[in-house]
Amino acid sequence: MGSRGSTTMKPSGARFLAKVIPMMVMLVVLAILAVPFHEAAHQLVGNTLSGTQGYVIFTWAGGMYYQYPGTPLQDFLTRIAGGLFQALLFGILWALSAWQARYSKWELDTCAIFGMLTVGYFVYAWFDGLGVWIDYGALIGIVAAITVCGVLYGRKLLSWIFELNGLTANKSDIT
Ligand SMILES: [Zn+2]
């Protein structure tokens with residue numbers, strides 16, 4: 001193999017992958033790690049409202065909460081609690097990273113990741129809560145997450161990832 005003739009520049013493909021792959025992996029891993037919190041919120045609210053002991057089953061694909069039927073309002077509150085609790089947890093992390101981003105531009109991708117998880121679970125919670133379109137609800141949540149965070153962070157993220165307008169590898173170059 002011949003020399004690339006450069007000692008300072010890495011291939012831009014490597015920089016692109018180094019930016020995109022960690023974001024994707026963190027997004028997916030955080031979404032998986034949050035599943036027990038989702039089911040725990042269903043169980044806590046369901047058990048509290050109904051006074052009976054529901055139970056959670058975990059699978060490799062996620063989890064399910066089982067509960068005896070209550071009133072329609074009890075069922076709705078129990079069902080919506082899972083996604084809303086996840087949105088609350090990620091919303092706190094989103095607010096903290098956005099706060100830090102005011103003084104450190106290194107929080108840009110973290111803000112986008114927490115923002116997408118917050119918006120996605122908040123939207124999904126309503127489909128879960130109402131018990132309608134649950135599969136589509138997940139998809140609509142993902143679309144909403146990408147849309148909201150695309151508006152908030154898209155231009156800066158794309159400038160950083162694709163090194164537009166002469167921007168180099170550092171987020172600190174983006175103002
Ligand atoms: Zn649920």
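**View 1. E163 follows the last helix.** E163 sits in the segment after helix 5, in a predicted model where local features need pLDDT of at least 70, side-chain atom pairs count only at pLDDT 80 or more, and totals for chains, interfaces and linings use all residues. Residues are numbered from 1 along each chain as its sequence is written. Helices here are DSSP runs of H or I with at least four residues, strands are runs of E with at least two, and both are numbered from the N terminus. Although E163 is not a glycine, its phi is positive, at about 55°. Is E163 buried, partly exposed or exposed? It is partly exposed, because 17 other C-beta atoms lie within 10 Å. The cut-offs are these: a residue is buried with 20 or more other C-beta atoms within 10 Å of its own, exposed with 12 or fewer, and partly exposed in between, with C-beta atoms placed from the backbone.

**View 2. W133 sits between two helices.** Look for W133 in the loop between helix 4 and helix 5 (134–162). W133 also takes a positive phi without being a glycine, and the value is near 50°. W133 counts as partly exposed because it has 13 other C-beta atoms within 10 Å.

**View 3. I80 and L130 bring helix 3 and helix 4 into one frame.** I80 lies in helix 3, while L130 belongs to helix 4 (residues 108–130). The two residues are 50 apart in sequence, yet their C-alpha atoms are 7.5 Å apart in space. I80 is buried because 21 other C-beta atoms lie within 10 Å, whereas L130 is partly exposed because it has 14 C-beta neighbours inside 10 Å. Which residues does I80 contact, leaving aside its neighbours within four places in sequence? They are A125, W126, D128 and G129, where a contact means C-beta atoms, placed from the backbone, within 7 Å of each other. For I80 and A125, the C-alpha to C-alpha distance is 5.1 Å across 45 residues of sequence.

**View 4. Helix 2 crosses helix 3.** The axes of helix 2 (residues 35–50) and helix 3 (residues 72–101) come within 8 Å and cross at roughly 145°. These axes are lines fitted to C-alpha atoms, for helices over the stretch in contact, and the angle, on a scale from 0 to 180 degrees, is taken between N-to-C directions. On the helix 2 side the residues that meet helix 3 include F37, H38, A41, V45 and L49; their partners in helix 3 include L77, A81, F85 and L89. By class, this contact has 8 nonpolar, 9 polar and 1 charged residues. Here Ala, Val, Leu, Ile, Met, Phe, Trp, Tyr, Cys and Pro count as nonpolar, Asp, Glu, Lys and Arg as charged, and the others, Gly among them, as polar.

**View 5. Helix 2 and what covers it.** The buried residues of helix 2 are H38, E39, A41, H42, Q43, V45 and G46. Their cover includes strand 1 (55–59), strand 2 (62–66) and helix 3. The 16 residues of helix 2 should span 22 Å at 1.5 Å a residue, and its end C-alpha atoms are indeed 22 Å apart; the expected span is 1.5 Å times one less than the number of residues. Just after helix 2, G51 takes a positive phi of about 75°. In strand 2 you will find G62, whose C-alpha is 9.9 Å from that of H38, with their positions 24 residues apart in sequence. G62 is partly exposed because 13 other C-beta atoms lie within 10 Å.

**View 6. Helix 1, hardly covered.** Helix 1 (residues 12–33) has 22 residues and reaches 32 Å from its first C-alpha to its last, close to the 32 Å expected. How many of its 22 residues are buried? The count is 0.

**View 7. Confidence along the chain.** The mean pLDDT of the chain is 87, and 87% of its residues reach 70 or more; pLDDT is the predictor's confidence in each residue, from 0 to 100. Over residues 1–8 the pLDDT is below 50, and this stretch has 0 contacts in the model beyond near neighbours in sequence. Where pLDDT is low, the predicted coordinates should not be read in detail. Among the elements, strand 2 has the lowest mean pLDDT (89) and helix 4 the highest (96).

Terms used
Two residues are in contact if their C-beta atoms, placed from the backbone, lie within 7 Å.
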